[in-house]
Each structure stands twice: as C-alpha cells, then as structure tokens.
Amino acid sequence: MSSLSDIGTIKDIMKRHGFAFSKGLGQNFLINPSVCPRMAEMGGANGNSGVLEIGPGIGVLTAELAKRAKQVTAIELDDRLLPVLGETLSEFHNVNIIHGDVMKINLTELISDNFADCDEVAVCANLPYYITSPVIMNLLESRLPIKSVTVMVQKEAADRICAPVGSRESGALTVSVNYYAVPEILFKVSRGSFMPPPNVDSAVIRMTIREQPPYDVGDEKIFFGMVKAGFSQRRKTLSNSLTCGGFLSRTEASKALADAQIAANTRIEALNMKDLAKLSRCITQIKK
Ligand code: SAM
C-alpha cells in the first residue's frame, strides 16, 4: 500500500469505496507525511506497548502506530470506513478496529480486553474536533490504566489546555486536565496538512497521566464544582462567581475565601493549582 498520506492514494481509495468526507464527523485526513511518524514516536507506540486510537479515518496514523507498538486498537464511528480500513491495514496483524462511538464505549473494559499482554497503554489520536473536550475529559475522568494521551487538537484548544494554571489564558479545561495529567505542546500542524483543510491550525499535545493529583483538594466533586462555577463567570470576583448557580451561599463563599486567606475580589483565573486546592479544601470543610 503506497503512503496513506498521499493525496492521489486517498482520492483513489475514496473513489473505489464511494466515500465522501463527512464534515459533521470531523473528517479531515492528514496529508503531511511527517506528522504521523512523529506522533506515533512521541505518543508511546514502542516495543511492548498497546495504543488506543480514536477515529482512524483511512488508517494513516494507525499504520504508523502498528509499525511501532505491540497492539493497536482503534475506535471508528463511521461504518463506511470499515471496509477501507480492512484494505489499508491488511498487512498488519496487530490492529483491531472497533466500530462505535468513543463516548459510548466502556474504555476500561476495552483496555483490559485488548491490551492484557502489553507492558503499558497509551492513547494516540487525531481527534474529531467537535468532541475534543468531552473526549479528553472522558479519558482522564475514567482513570484508565494509561500512561499518556497524545492528541491532535485545534491550536486554540492546545494553547488553552497547556496554559499555566493561574494565567489569563487558563480555563476550566486547563485546571481539570492539570489535575489528572501534565500537559505539553509537542508540535504545531498547519491547516494545509489536512484534506480537506480545516479553518484552523492544529497542534499535537501530550498529557502525561499523574500517578496522584498534585494537591489534596478535599472532596473532588466540590473541587470540580468550584472550578465550573468560578470559570463560568471568570471575569467576576470569586465572592460573586462562587455563588453562581447556587454553588455556595454568600456567607459560605465569604467564609471559604477567608479560611483560605484569599482576597474576596480575586478572580479564579489568578489562582494557581495550590491555591485552588486550598480553597476547595476549605469549601469541603464548610459543606461537611
Ligand atoms: N486519523 C485520521 C487522520 O489523521 O487522517 C482521521 C482523523 S479525523 C480528524 C477524525 C476521525 O474520527 C474520523 O475518521 C471520524 O469518522 C472519526 N470519528 C468522529 N466521531 C467519532 C466518535 N464519536 N467516535 C469514534 N470516531 C469518531
């Protein structure tokens, strides 16, 4: 099979299989030949590893993963791509394609069924952009036995996720990701690297899963509730934003901020992870 990032090859495959791109499913296929080998190498595909891919498309990244990892399992929602993948990946005996929606599949079960013989498991994918945040949060919140998540996302999403917690560029997603993992931008990918080209540039990020959260936050549900309330009104002071949606009463918000020694007129975006954890512990005490 000639290179799956070659435009002529992609057009030929699409013609023979009567395939047309679905915008709704975020189908932008990579045509820059240098991206997938780099992603596979930096995304944990090596020796005895197992790799879970989301949205293989016609298999351009899958093939690079399969060359390097012990086992690759890829989840693809679009059933029109199954015969295509059967053809493009026929030379690999370590690839399993699962037809389904990544948001509906039990990933814990899938990992134990597919990667029992692997030393470690990583996720590596060129994500469909319409579900970037839910997929990332689902992977992290499920506390899967994985080492890292290496994904291509929109450049704006990459900048947001990898911004320092406590900076103006940070958001609820930044804090949530940093609670479970250490994120970093690996490299940027221009819009011209895809067919059809999307309206935005992209970047590959890696989230290395933490063995433990960086700080004790008290009750995790309270921590994430606090992050949600705080960032839903991020321009407001904490004494106002924490009362959003009835998360805390005015009295509770004042007491929590005083206990945590945080000025009531601070905005949530100014707090680093240590201060966020401290505030969450104080709220946990109040709510006990
Ligand atoms: N990996 C290929 C590449 O790099 O060229 C294709 C990536 S394309 C950006 C996203 C892929 O995700 C498409 O193949 C699309 O059909 C698939 N997809 C979309 N929604 C999905 C979902 N909910 N679950 C699994 N796959 C999905």
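Helices (H or I, at least four residues) and strands (E, at least two) are DSSP runs numbered from the N terminus. The model is predicted, and local features need pLDDT of at least 70, side-chain atom pairs count only at pLDDT 80 or more, and totals for chains, interfaces and linings use all residues. Residues are numbered from 1 along each chain as its sequence is written, and side-chain values use heavy atoms, with hydrogens and water left out.

**Exercise 1. Describe helix α6 by its buried residues, and then say what the backbone does just after α6.**

Solution. Begin with the extent of the helix, which covers residues 132-141. Its buried residues (buried means under 20% relative accessible area, exposed over 50%, partly exposed in between, with a 1.4 Å probe and protein chains only) are Thr 132, Val 135, Ile 136, Met 137, Leu 139 and Leu 140. An α-helix has 3.6 residues a turn, so residues three or four places apart point the same way.

Next, take one residue of this helix in detail: Met 137 lies in α6 and has a relative accessible area of 13%, which means that Met 137 is buried. In sequence, Met 137 is 43 residues from Tyr 180, whereas in space the C-alpha atoms of Met 137 and Tyr 180 are 9.5 Å apart.

Finally, follow the chain beyond the helix, where Arg 143 comes just after α6 with a positive phi of about 50°. Arg 143 belongs to the loop between α6 and β6 (148-154), and its relative accessible area of 47% makes Arg 143 partly exposed.

**Exercise 2. Find what surrounds the ligand, and set out the polar atoms placed opposite its nitrogen atoms.**

Solution. Start with the shell, in which 24 residues surround the ligand, where a residue is near a molecule if one of its heavy atoms lies within 4 Å of it. The closest of the 24 are Leu 30, Gly 55, Glu 76, Asn 126 and Tyr 130. As for secondary structure, strands β1 (29-30) and β3 (71-76) each supply at least two residues of this shell.

Then go through the polar contacts (pairs of N or O atoms within 3.5 Å; within protein, one must be able to donate a hydrogen and the other to accept it, and residues adjacent in sequence count only if both atoms are side-chain atoms). From the side chain of Tyr 130, an N or O atom lies 2.7 Å from a nitrogen atom of the ligand. For Asp 101, a polar side-chain atom is 2.9 Å from a ligand nitrogen, while for Leu 77 the partner is a polar backbone atom, at 3.4 Å from a nitrogen atom of the ligand. The ligand taken alone exposes 600 Å², of which the protein buries 99%, with areas from the Shrake-Rupley method and a 1.4 Å probe.

**Exercise 3. For the side chains of Ser 176 and Thr 243, state which backbone oxygen lies opposite a polar atom of each.**

Solution. Place Ser 176 in helix α8 (residues 172-180). Its relative accessible area is 9%, so Ser 176 counts as buried. A polar atom of the Ser 176 side chain lies 2.8 Å from the backbone oxygen of Ala 172.

Thr 243, by contrast, is in the loop between α10 (238-241) and α11. With a relative accessible area of 19%, Thr 243 is buried. Opposite a polar atom of the Thr 243 side chain, at 2.6 Å, lies the backbone oxygen of Asn 240.

**Exercise 4. Which peptide bond is cis, and where does the positive phi of Gln 261 fall along the chain?**

Solution. The cis peptide bond runs from Met 195 to Pro 196, with omega near -15°. Pro 196 itself lies in the loop between β8 (194-195) and β9 (202-209).

Gln 261 has a positive phi of about 55° although it is not a glycine, and its place is the loop between α11 and α12 (273-287). The relative accessible area of Gln 261 is 66%, so this residue is exposed.

**Exercise 5. Set the sequence separation against the C-alpha separation for Ser 254 with Ile 54, and for Glu 220 with Thr 284.**

Solution. Ser 254 is located in helix α11 (residues 250-259) and is partly exposed, at 46% relative accessible area. Ser 254 and Ile 54 are 200 residues apart in sequence, and their C-alpha atoms are 44 Å apart.

Glu 220 belongs to helix α9 (residues 220-232) and, at 27% relative accessibility, is partly exposed. Glu 220 and Thr 284 are 64 residues apart along the chain, with 9.1 Å between their C-alpha atoms.
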